[in-house]
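I opened this entry to keep track of what I looked up, starting with the contacts between chains and moving on to rings and helices.

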Amino acid sequence: MKRRTLMLIIAGVALGAGTGWVLFPLALYTRESQPVNFSHKVHTGEQAGMTCENCHDFTADGRFSGIPALDKCTGCHGATIGSTDEEKRFVEEFVIPGRPVPWRVYSRQPDNAYFPHAAHVKLAGIACEECHGPHGAGDALPAYQANRLTGYSRDIWGRNISGIPSHPWEGMKMDRCVRCHALQGRTDGCIDCHK
Amino acid sequence: MGPTITRRDLLRLAGGSALGVIFSPLPWKLLDDSAIWTQNWSLNPPLSHAPISLAYSTCTLCPGGCGITARCTGGVPFSLTGTKSHPVGRGVLCAAGLAGHQMAMHPLRIVQACASSGRSVGAVISPLEREKAIAAIGAILNGLSARDAPHSVALIDRRPGRALSAVYRNFLSTVPGGLYIVSPSAEDATLTTLQQMAATPAWIGGFDFEQTRTLLSFGAPVLEGWGSPGQVMDIWSKRARTGFRLIQADSRPSRTARLAQTWLQLRPGTETILALGLGHVIIRENLHAHDIKRTTRDFAEYARLVARFDPPTVSALCGVSKESIEETARTIARRPSLVVAGTDPAGGPLPNEARTAIAALNVLLGTMGTRAGIVARNPLPGEPVMPPATTIDQVPDQSIRILIIDGAESGYDIPVSLLRKKVHPQGAIVSLSPLLTPMTAWADYIIPAPAHLELLEEISTAPGAVTCSYALARPLHPVREGSTDPLDFLRLLSAVTAGAATTIPTRDAMLRARADAIHASGRGKVFMPQDGAWIEVKGLATTEQFWQKLSEGGCWIDDGPAQSRSVSFSLLPGGNDEATRCLALLSGSETPEGSSVTVMPYGVRGATASAQVSPILSKIFQESNLKDLDGTALLHPGTATSYGLADGDSATMHNGAGTMRVVVRCDGAVLPGVVHVAAGPRRNNSDAPGCVGGEGILSLCEPGSDGTWRLTTATIGKAHGSEI
Amino acid sequence: MDPKSEKTARYGMVIDLDRCTGCGACMVACAVEHNVPPAESSATPRTGITWLRVYGMDNGPEDSGRDTAYIPMLCQQCGHDTPCIAVCPQNAVDVDPTTGIVGQVPQRCLGCRYCMTACPYHARSFNWWDPHWPAGMEKTLNPDVSPRMRGVVEKCNFCHARLHQAKAKAALEGKRDIKPADYVPACVESCPARAMVFGDLNDASSDVALAAAAAASFQFLPRLGTEPKVYYRSDRDWIRRKADHTVHSSLTEAEHR
Amino acid sequence: MDKELIPRGVRRTTPGRFLLWLLPWIALLGFGLYGAYLCLAEGLNQTNMDNRFAFGLWIYLDLTVIALGAGAFFTGFLLYIMRREELRAVINSAVVIGLICYSGAVAVLMVDVGQPLRAWFTFWHPNVHSMLTEVTFCLTCYLTVLIIEYAPVVFKNRKLRQVPRFLVFEFELHKLMPVLAGIGTLLSFFHQGSLGGLYGVLRGRPFAFREELGIWPTTFFLFILSAAAAGPSFVLITTWLVQKITRKQLVRPEVFRFLGKVSGILLLGYVLLKTVDTFIWINATSPSIGFAAYSFYRSSSFGTWILFAEIVALGLFPALALISKRMCERPGILVAAAMMACCGVMLNRYVMTVQTLALPTLPFDQFLSYAPSWQEVATFLAVLAYGMLLYSLSFRYMTLFPQERELSRFPGR
């Protein structure tokens with residue numbers, strides 16, 4: 001009798017936990033691949049040897065340009081310079097018709113969040129990798145995942161559904177900003193980071 | 001134990017899984033995400049992440065010509081500000097101008113040629129192929145003979161003085177029976193009157209506001225839309241230092257009247273009497289210019305006329321105290337001073353004798369051609385000097401076959417009833433307005449022009465300015481598919497008009513011709529918005545360079561006003577009949593019979609029945625009480641109660657011309673027995689596009705024998721039944 | 001003080017009521033700057049969204065001897081006992097320690113409207129409708145300000161987005177403190193009569209500090225003890241009398257009404 | 001089925017007639033829920049509230065029902081803590097009324113806020129200085145307490161008793177009652193108070209602003225006292241009403257008198273303190289922030305008569321009536337006085353909510369008026385209907401009045 005009860009309950013727990021930990025994330029997030037399989041490795045490695053700032057730079061008024069516009073790419077890729085099919089496709093589909101690439105931005109914050117790169121990079125001297133991880137060395141772009149409910153990128157919450165980062169750079173939710181600012185002994189108001 | 005599953009087993013399983021779910025991220029993340037979802041649950045539009053850039057242009061909503069600095073994201077303007085230290089705009093814009101970049105997306109924007117199904121209220125406007133529309137217009141044009149309607153094509157230009165206006169006039173001069181009509185702006189009203197009084201009709205003048213110390217304004221909306229707002233506000237805000245004085249003679253408690261240092265609240269329609277009364281005091285106390293006999297041709301006659309207008313008589317008729325009449329006369333006699341006649345954008349022109357009587361005061365005081373007075377202005381290079389154009393009220397009834405209304409807003413509104421009266425029953429009205437205004441809705445054909453800031457346009461001398469200026473309005477938006485450049489319309493029209501043998505220039509050529517003429521004159525300098533630098537025109541070698549500077553947003557300013565030639569004026573251009581007309585006023589105007597009230601329409605420049613403002617101006621018209629929505633009726637509380645009305649009530653006004661629904665606003669500053677009704681913007685989304693709506697208060701205004709409609713009578717009473 | 005954080009400012013404003021002509025340019029500039037949607041057809045002066053509103057005020061007598069003043073009312077950024085902060089149940093309102101600006105975070109707000117009942121200046125608006133823009137007009141939204149959703153309260157924050165940009169610009173040059181010229185609110189920038197002065201009240205040499213200290217300057221309802229950082233100035237006594245709401249004036253007001 | 005659910009030894013009308021009684025309330029509930037749905041789906045533009053009248057009918061009625069619902073905690077307090085056994089006769093009924101009032105109020109609040117899905121923020125990011133936080137916390141906690149207090153009443157039901165576990169559970173709960181009553185009293189004390197504080201702290205609303213005693217404005221304590229006074233009166237009224245409707249004697253007359261006396265004494269205390277507070281307000285608080293208290297009563301229909309009505313007509317008079325032995329002998333007067341007491345408290349809540357917002361603060365403000373939209377009224381009617389239904393069902397199937405059985409056996413005792 002007792003054993004049966006116990007087993008049933010355990011089975012239930014397993015069922016519930018399984019749903020919550022495995023099925024739920026699959027249902028919650030979409031999976032979309034980027035329009036071009038861009039390789040950071042190729043650009044930052046020996047061949048090109050570019051740095052982050054070469055493409056992700058600031059405009060004169062202190063704004064961060066984020067993902068570079070097409071003309072940045074056209075600078076080198078006006079015509080095919082490599083040998084890969086992907087580059088060939090990129091040149092034909094985007095460069096020649098001058099069609100901007102519809103990149104999906106992994107680390108795009110909600111519109112109501114304000115993050116000044118200038119202050120964090122120039123003043124605080126934080127390295128890109130601290131927040132964005134070593135994706136500069138990555139050869140392929142991971143699939144972009146959007147939260148079906150909120151529409152925001154999965155990387156804001158962090159790849160780990162539990163919300164506990166498995167890497168120090170994972171997750172870009174408010175509590176992370178708050179923690180770091182607290183450690184810096186900064187006093188902020190809400191609207192310092194909300195617009 | 002049997003294999004049968006009991007209800008309790010299921011309960012245990014459910015309980016267990018509930019426990020399992022609790023210890024998984026599911027409920028907690030859902031709670032969090034659902035809250036984040038509320039951040040954009042109402043589908044708030046996503047913000048642009050495109051780079052930010054600046055663009056420079058010029059506002060063409062009114063003839064003011066203020067410089068615009070636009071902040072754009074991805075090339076789309078998202079905010080406008082006045083260009084810093086711009087010579088015309090002085091670095092500011094008015095409320096309407098600040099939202100100018102939204103006009104192209106106005107919900108009442110018309111983006112294809114349309115035809116109206118009829119002329120009754122409720123008639124429907126439906127799209128029609130542009131070529132078909134033009135063909136139909138041509139058919140009407142050539143179908144009617146010169147006997148039925150002598151004027152084949154007439155065009156109302158509500159913003160004369162543009163290169164486009166010249167093209168219009170050109171076209172109409174070649175068309176047999178072509179007629180060019182203007183509706184002058186408030187500023188021009190006084191100047192054109194003076195032009196008519198001047199011995200040399202070519203004379204052009206401007207108000208030297210900057211220098212003057214006392215400004216006597218007869219109902220001119222000096223602080224609400226006059227010249228370029230920047231300039232007026234500059235003068236106004238410096239008044240504590242400069243001692244600038246504004247005396248407002250106005251029946252309505254307008255913002256200008258409320259703010260003016262002195263407010264002479266005269267009875268409606270008594271401007272002429274007050275002006276002549278002031279003339280009386282000036283002459284009696286010998287305050288007039290010493291050389292008056294030399295500068296005028298009919299001083300004696302004038303003196304004889306005003307002799308009859310002694311302060312007690314005038315005071316009795318105007319409701320302005322004898323003392324303040326004399327005080328005012330003495331104040332304006334302390335030069336430098338100026339006297340201007342107002343034309344309410346919705347109220348229409350003042351009667352002739354009023355305009356001359358008021359203008360005459362300037363001559364009397366000797367402000368003509370003197371510094372800080374009304375000084376002669378050099379004509380804009382390349383602008384053909386032409387005699388003053390006619391106004392609609394001077395056109396014989398039913399004499400027009402095709403009446404074209406230019407889309408630009410500036411002068412006063414014209415009641416549709418008046419337009420209809422002038423057009424032959426088989427004729428047609430064609431509107432070029434890009435927006436479905438209550439006025440446009442009455443047109444038979446609509447050939448919409450591109451919207452504000454969509455087309456390369458030019459903006460020249462602000463009305464009443466002492467020095468000419470010229471700037472280009474660079475487009476900030478692409479031209480919307482389906483709209484027609486007025487020039488193209490003229491081209492298409494001349495193709496179907498018998499005898500029209502003129503070549504219409506391209507827009508670029510038209511504007512370059514102006515620019516070249518200015519460059520050729522070698523006068524003036526160009527202000528550059530990017531760095532606020534000034535460039536001498538002489539310093540620019542080629543016309544191409546000059547054009548380049550203009551298209552970068554540069555603003556050309558002429559150097560100084562013209563050296564004043566002494567011009568002699570006639571104080572009573574109308575001669576004896578005018579004198580008798582004035583004397584007739586002494587017998588007093590008939591007060592409206594018992595049950596009815598005196599009605600005066602009023603409006604704000606650029607926001608009247610013939611104009612549309614960006615929906616965001618609901619902030620000042622609908623979401624606050626700062627300015628008045630269409631159909632707001634200002635009454636004295638006493639008057640209201642005597643008609644059983646209270647503040648906020650909905651009432652109906654009725655007279656022979658029609659009926660309209662108004663909302664009562666009680667204001668102790670309104671004269672008893674008078675109702676001021678606003679012709680302004682309506683509530684957002686309240687106009688059903690494509691449906692002919694009433695034109696508001698103007699539909700009650702029947703033009704009188706003197707060609708004005710600013711005063712009418714109507715009955716007012718509590719409204720019954722549902723909203724109209 | 002921590003060298004890491006910039007010097008604390010007390011941003012404030014002085015509005016010259018003798019210059020203001022009630023043209024409404026500030027109201028439009030403000031709405032455009034902050035992506036405030038146009039009114040719904042049934043919106044009224046009581047349900048509209050105006051971060052800044054210009055009111056008309058008369059001196060009483062209703063003959064032609066009357067005098068009128070136009071008064072731009074925005075969040076007064078109360079510096080003491082800020083009425084709206086203490087009442088918010090979930091910290092959606094706070095005063096920014098480094099700028100003295102009273103901030104409101106619509107994403108945190110649950111729309112209980114307690115702060116609106118607390119504000120004596122009626123400077124707060126509630127989103128009674130979902131925001132709607134005519135087709136195409138949503139493309140002209142200011143990218144620096146996030147639009148608000150239905151059911152939350154919003155108010156003036158001295159164009160804080162402009163402060164963000166000024167700070168970013170300074171940061172790019174390695175500086176923490178901004179150039180005052182880089183941070184001017186939309187209403188101040190747009191005022192055709194130049195009736196508004198804005199700046200750091202802590203900086204004694206700034207125009208705004210001098211204007212605020214001048215004799216003709218005053219605050220509305222000073223006796224509430226909320227110490228607004230928005231000052232007004234006028235040479236007309238009757239305006240100052242009305243602004244400083246006293247027992248006497250409150251009685252005469254009541255008589256008048 | 002229906003038969004087996006009805007408690008032993010009491011008579012209840014036929015299912016048919018009972019259903020007939022329920023039908024109108026069910027209809028009203030449906031209508032009300034539709035109004036609430038509109039507010040949730042379309043947004044609060046469905047109401048007649050606006051930026052100046054940010055609080056309306058809903059907040060006013062929330063304050064009222066919570067004041068009237070105070071009967072639950074105060075009766076519990078007297079019974080379990082002060083050991084006034086005679087109140088056992090009405091405690092169950094009082095609990096049900098409390099449950100209805102509080103759950104109803106919370107439900108309406110969920111419609112009243114613009115973003116219900118964010119309601120939990122108050123628990124996650126609470127602002128401890130806000131009276132509203134205090135209200136939210138205490139309300140939700142006390143609502144749970146009420147549900148637990150309601151449980152034994154349910155488990156006592158004839159059918160449910162057949163499950164042995166329930167019986168045990170119910171028994172255990174009973175031992176817990178004094179504790180729950182204690183907690184309930186504490187919680188109610190705070191949220192009734194903070195509801196008053198809600199207005200007392202409004203420095204920007206001179207009409208409502210009050211001096212502080214400790215960290216709370218005087219309204220904090222006045223609300224507690226007035227609620228405690230109104231509660232028993234409301235229990236008295238409801239019990240009397242149920243007796244009239246069901247044409248049964250449910251409790252002994254002395255219970256009525258006791259409830260009346262308690263209410264009277266508390267009300268008298270409240271009236272005295274309210275008077276003192278009003279004098280301080282008129283002579284010190286309101287002048288100190290530049291407003292003459294009289295000006296609040298000049299600008300409209302809200303004349304000084306309101307003060308008189310609130311303190312004397314609907315305060316002092318009923319208080320004296322409820323205290324005097326001779327008057328309470330006559331049930332008519334007793335009930336009338338109790339009603340007046342409740343009206344007095346309701347008027348107080350009305351003035352605090354509506355007049356506070358209607359009065360101008362800025363020199364160019366106007367006095368404003370507000371009338372609720374049908375959606376607002378409907379939403380509240382839903383709560384009324386829900387209350388009626390829940391009470392009717394509880395009365396039919398549970399023992400709300402323990403004395404009913406013997407009284408029905410020996411009527412007229």
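**Chain contacts**

I began with the contact between two chains, which takes 60 residues from chain D and 57 residues from chain C. I keep in mind throughout that this is a predicted model. Of the 5 pairs of chains in contact, chains C and D share the most contacts. Between them, chain D and chain C bury about 4,800 Å², and 57% of that area is on carbon and sulfur atoms. I then asked which three residues supply more than any other three of the area that chain D buries against chain C. I found N51(D), P363(D) and F364(D), which together supply 16% of that area. For chain A and chain D I found no contact, their closest C-alpha atoms lying 12 Å apart.

**Aromatic rings**

F364(D) came up again when I turned to the rings, since ring pairs link it with Y55(C), F218(C), F220(C) and Y232(C) into a cluster. Over all chains I noted 46 aromatic pairs. One of them is the stacked pair of Y11(C) and F198(C), with 5.6 Å from centre to centre and 5 degrees between the planes. This pair links distant parts of the chain, for Y11(C) lies in strand 1 (residues 11-16) of chain C and F198(C) in strand 8 (residues 196-200) of chain C, 187 residues apart. Are these two rings buried or exposed? Y11(C) counts as buried because its relative accessibility is 11%, under the 20% limit, and F198(C) is likewise buried, with a relative accessible area of 14%.

I next looked up W21(D) and W25(D), which form an edge-to-face pair at 6.0 Å centre to centre, with 70 degrees between the planes. Both lie in helix 2 (residues 15-42) of chain D, 4 residues apart, about one turn of the helix. W25(D) counts as buried at 17% relative accessibility, whereas W21(D), with a relative accessible area of 33%, is partly exposed.

I also checked for charges over rings. In chain B, the charged end of R239(B) sits over the ring of W236(B), 4.0 Å from its centre. In chain D, R349(D) lies over the face of F223(D), at 3.7 Å from the ring centre.

**Two helices of chain B**

Helix 1 (residues 7-22) of chain B has 16 residues and reaches 23 Å from its first C-alpha to its last, close to the 22 Å expected. I listed its buried residues as D9(B), G16(B), S17(B) and G20(B). Seen down the axis of helix 1 of chain B, these buried residues fall within an arc of 95 degrees, so they line one face of the helix. The face turned away from the buried side of helix 1 of chain B carries the exposed residues R7(B), R8(B) and L11(B). What covers the buried residues of this helix includes helix 1 (2-28) of chain A.

For helix 2 (residues 25-37) of chain B, I compared the expected span of 18 Å for its 13 residues with the 17 Å between its end C-alpha atoms, and the two agree. The buried residues of helix 2 of chain B are P25(B), L26(B), K29(B), D32(B), D33(B), S34(B), A35(B) and I36(B). I closed by asking what covers the buried residues of helix 2 of chain B. The cover includes helix 1 and helix 8 (154-157) of chain A, helix 1 of chain B and helix 6 (121-124) of chain D.

Definitions and conventions
Residues numbered from 1 in each chain as written. Chains lettered and ligands numbered in written order. Predicted model: local features only at pLDDT ≥ 70, side-chain atom pairs only at ≥ 80, totals over all residues. Heavy atoms only, no water. Phe/Tyr/Trp six-rings, centres within 6.5 Å; stacked < 30°, edge-to-face > 60°. Buried < 20%, exposed > 50% of the residue type's maximum accessible area, 1.4 Å probe, protein only. Lys NZ or Arg CZ within 6 Å of the ring centre and 35° of its normal. Expected span 1.5 Å × (residues − 1). Arc of directions from axis to C-beta. Contact = heavy atoms within 4.5 Å. Buried area = accessible area lost by both parts, 1.4 Å probe.
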